[in-house]
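Work through the two exercises below with the model open. Each has a task and a stepwise solution.

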Amino acid sequence: MVAGKIIDLHVHSNFSDGKLAPDALAARAKFNNVSVMAVTDHDTLEGVDANAAACRDNGVEFIPGVEISTRFDNKETHILSLFVDPASAARPRLEELRNARAVRMTKMLERLGKFNMILTFDDLPYDGGAVGRPHLARAMVEKGYVKNVSEAFGRYLYDDGPVYMPKLQLSVKEGIDLARSLGGVPILAHPGPSGLLPHLDEIMAMGMDGVECYHPKHGGETIAKLLRFCREKNLLVSGGSDFHAPGETPDIGSQKVPYDVLEPLRLHAAGAL
Ligand code: AMP
Ligand code: ZN
Ligand code: FE
Ligand code: FE
């Protein structure tokens with residue numbers, strides 16, 4: 001029965017700040033009985049071919065996607081673009097965001113040096129793709145500068161913290177346009193932890209097609225509220241685990257997402273809805 005199939009529409013690989021390479025990621029999805037997985041790395045599609053191949057080899061249906069960093073009202077606002085076309089002419093615009101992340105990381109490494117924590121780009125557990133604060137946090141742990149990733153964020157890397165540098169971020173409108181230009185369906189990611197629940201009407205009116213209602217950081221009440229919102233406004237519903245690394249974040253497939261959200265997303269991406 002399809003109704004029982006496990007889907008996960010928000011997963012990170014090591015082409016951004018996830019820890020698992022495509023083969024390990026797809027094998028873990030298979031092990032967890034996940035039938036359909038969208039890999040949505042931050043600000044890059046560099047991993048799309050490798051992730052597609054690994055999913056194929058493991059019998060997991062693959063949905064190409066990306067999580068685009070934007071800014072709204074000085075809040076980091078993530079937009080998932082699901083069912084993107086890897087051959088899209090808009091890809092160079094996306095990769096500008098990835099390239100800007102490398103420049104930003106160089107500046108954060110400099111700032112860290114002011115605290116006598118000396119790290120270079122080569123010290124980062126970075127395998128290509130989009131580099132981010134989690135890479136830096138893991139390198140700080142590795143060097144013994146902090147006990148764990150939480151301490152790295154809690155003392156140095158938090159938003160506007162002493163080592164933090166802002167990323168190049170699009171406006172929400174630009175992010176939605178890019179998500180669509182890539183051929184994907186723009187979905188507002190995890191509005192709860194982004195602090196965006198009070199701004200839903202305004203953000204959705206900018207042209208978003210759906211909301212990630214199911215997310216580990218959304219309690220039951222938030223999920224119910226978001227589902228009601230989507231029903232009233234005729235918006236698409238999505239959901240996923242936001243898996244980054246075993247033991248660090250909820251596992252692939254661990255977020256309950258009803259299988260029947262998938263077909264409307266798929267049809268919408270195909271232009272049939
Ligand atoms: P960046 O995209 O480089 O700004 O890094 C943001 C990422 O860091 C988020 O997507 C989370 O995965 C991770 N992150 C943010 N805050 C924390 C935290 N307090 N502890 C661990 N990871 C965090
Ligand atoms: Zn991430
Ligand atoms: Fe996110
Ligand atoms: Fe994410």
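**Exercise 1.** Find the polar contacts that Arg 104, Arg 133 and Lys 167 make with ligand 1.

*Solution.* Step 1: start with Arg 104. One of its polar side-chain atoms sits 2.7 Å from an oxygen atom of ligand 1, a polar contact (a pair of N or O atoms within 3.5 Å). Step 2: take Lys 167, where a polar side-chain atom is 2.7 Å from an oxygen atom of ligand 1. Step 3: turn to Arg 133. Here a polar backbone atom lies 2.7 Å from a ligand 1 oxygen atom. Step 4: check the cover. On its own, ligand 1 has 500 Å² of accessible area (Shrake-Rupley, 1.4 Å probe), and the protein covers 67% of that.

This is a predicted model: local features need pLDDT of at least 70, side-chain atom pairs count only at pLDDT 80 or more, and totals for chains, interfaces and linings use all residues. Residues are numbered from 1 along each chain as written, chains are lettered from A and ligands numbered from 1 in written order, and side-chain values use heavy atoms, without hydrogens and water.

**Exercise 2.** List the protein donors of the zinc ion (ligand 2) and classify their arrangement.

*Solution.* Step 1: collect donors (N, O and S atoms within 2.8 Å of the metal; 3.2 Å for Na, K and Ca). They are Asp 17 (OD), Asp 17 (OD), His 42 (NE2) and His 244 (NE2), at 1.9 to 2.5 Å. Step 2: inspect the angles. The 4 donor atoms subtend 52 to 134°, so the arrangement is irregular. Step 3: read the spacing along the chain, D-x24-H-x201-H.

Terms used
Four donors count as tetrahedral if all angles lie between 85 and 135 degrees; four count as square planar and six as octahedral if opposite donors are over 155 degrees apart and all others between 65 and 115; anything else is irregular. A polar contact is a pair of N or O atoms within 3.5 Å; within protein, one must be able to donate a hydrogen and the other to accept it, and residues adjacent in sequence count only if both atoms are side-chain atoms.
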